[in-house]
Amino acid sequence: MAKNGSLTAAKDAKQDEFYTQLDDISFELKHYRQHFRDKVVLCNCDDPYESNFFKYFALNFNLLGLKKLIATCYDGSPVLGNELLLDFGETTNEPKKIAYKVEITEVQDYNNDGAVNLADVKYLMQNDRNVISILKGNGDFRSKECIDLLKQADIVVTNPPFSLFREFIALIMQYKKHFLVLGNQNAITYKEIFKYIRDNELWLGYKSGDMSFRVPDYFEPRETRYWVDESGQKWRSMGNICWFTNLDIQKRHEELDLFKCYSVEEYPFYDTYNAINVNKVSDIPCNFEGIMGVPITFLDKYNPEQFELIGIDRYVEDNPNYGKRFSIGGKEIYARILIRNKKPQKP
Ligand SMILES: C[S@@+](CC[C@H](N)C(=O)[O-])C[C@H]1O[C@@H](n2cnc3c(N)ncnc32)[C@H](O)[C@@H]1O
């Protein structure tokens, strides 16, 4: 039993290696620029120099007006050293198995080519002894030394291992940090995550849905959502990726236009819960005053001034079948979030 458990954990950990594209990062980050001036940013599940999170912040260090960029590399990272071999001195002859941190407090045009670019970042990492240092442990974001870095940080930005998402968010919340992290939309339905969403301590960022990631060579081919590009790089895509954040964004203040009106025929009540079922976010009626069950994709459009979040079907306190989804005529309905319109249209 224990053996199976640890095998599963190892398999899950291997499936955690998804590398985010620079375009996806900069597309999202452009909406948050105002939050970063004079802030310490931590990328704590990263692979400096290979990760695009690190590259994004190093390249935009001056534009964003950062105070400091900290990035840590986990010792199991399979991409370590792929683009830039770092000199860790005499301490190791196994450069692929090393955990380290990068701390940057300024980025300048070191090579005098008239621009601050990745060549300068490389120069800095290879020549400034204060920038890179080896961690004592394995770089696990839960380790004491990584938590000490978390304490220094104002904003955490990363793509944490999907299998540790709950723990990752719990830790950031415990230390009351701002964050912008990538995750799977399914995480919305985790009891522990939804609680933060309901209490307006966490919400979704801009991009939601399809995203492609580079994956390491050891990933097995799949029938769907998998390809190898002309350079031999393996890719996977997923249709349910989104950003989770607690940084304020304009989108959160935009109202969803509601076009439909309530009718008994189109919006049946659930068998054992006093709410109507709405199958599509675009079908939310404008004039219903009670509770409505809507698909989880609603959160992409959620504005707390327009709607109140009551709960999630399985775990809403007054669900008589707590832990189970709702049904209509005995037929189970897919995951629903329970909401109430704060300003329903009057007849
Ligand atoms: C989904 S990948 C994202 C990598 C990178 N941030 C990116 O998006 O390009 C998750 C990263 O977390 C690292 N990792 C796995 N377990 C970890 C742990 N317990 N603590 C810190 N990092 C971990 C992996 O090595 C991997 O680099």
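Reader: Is the crossing of α7 and α8 left-handed or right-handed?

Author: In this predicted model, the crossing of α7 and α8 is left-handed. The term applies where the near helix is turned anticlockwise from the far one by less than a right angle.

Reader: What makes α7 oblique to α8?

Author: Helix α7 (residues 165-174) packs against helix α8 (residues 191-198) at an angle of about 40°, and their axes lie 9 Å apart. Angles under 35 degrees count as roughly parallel, and 65 to 115 as roughly perpendicular. The angle of about 40° belongs to neither class, and α7 is therefore oblique to α8.

Reader: Which residues make the contact of α7 with α8?

Author: Helix α7 contributes Arg-166, Ile-169, Ala-170 and Met-173, while α8 contributes Glu-192, Ile-193 and Tyr-196. By class, five residues of this contact are nonpolar, none is polar and two are charged. Tyr counts as nonpolar here, whereas Arg and Glu count as charged.

Reader: How do you know that β2 and β3 pair?

Author: Two strands pair if at least two bridges are found between them. Strand β2 (residues 68-73) and strand β3 (residues 100-104) are joined by five bridges and run antiparallel, so the criterion of at least two is met. As an example, Ile-70 has Glu-103 in β3 as its bridge partner.

Reader: What joins β3 to β4?

Author: Three bridges join β3 to strand β4 (residues 132-134), and the two strands run antiparallel. With a threshold of at least two bridges, β3 and β4 therefore count as a pair. Tyr-100 stands opposite Ile-134 in β4.

Reader: Why are β10 and β12 called edge strands?

Author: The open sheet of four strands has the order β10-β11-β15-β12, with mixed pairing. Strands β10 (276-277) and β12 (307-312) each pair on one side only, and they are the edge strands. Within this sheet, strand β11 (residues 291-294) is joined to strand β15 (residues 337-341) by four bridges, in antiparallel orientation. One of the partnerships is that of Val-294 with Ile-337 in β15.

Reader: Which residues come nearest to the ligand?

Author: There are 21 residues around the ligand, of which Tyr-19, Thr-20, Cys-45, Tyr-74 and Asn-159 come nearest. The elements that give two or more residues to this shell are β1 (40-46) and α3 (52-59).

Reader: How many residues of the shell around the ligand are nonpolar, polar and charged?

Author: The shell has eight nonpolar, eight polar and five charged residues. In this division Tyr and Cys count as nonpolar.

Notes: Residues are numbered from 1 along each chain as its sequence is written. This is a predicted model: local features need pLDDT of at least 70, side-chain atom pairs count only at pLDDT 80 or more; totals for chains, interfaces and linings use all residues. A residue is near a molecule or strand if its C-beta atom, placed from the backbone, lies within 6 Å of it. Axes are lines fitted to C-alpha atoms, for helices over the stretch in contact, and angles run from 0 to 180 degrees between N-to-C directions. Angles under 35 degrees count as roughly parallel, over 145 as roughly antiparallel, 65 to 115 as roughly perpendicular and the rest as oblique. Two residues are in contact if their C-beta atoms, placed from the backbone, lie within 7 Å.
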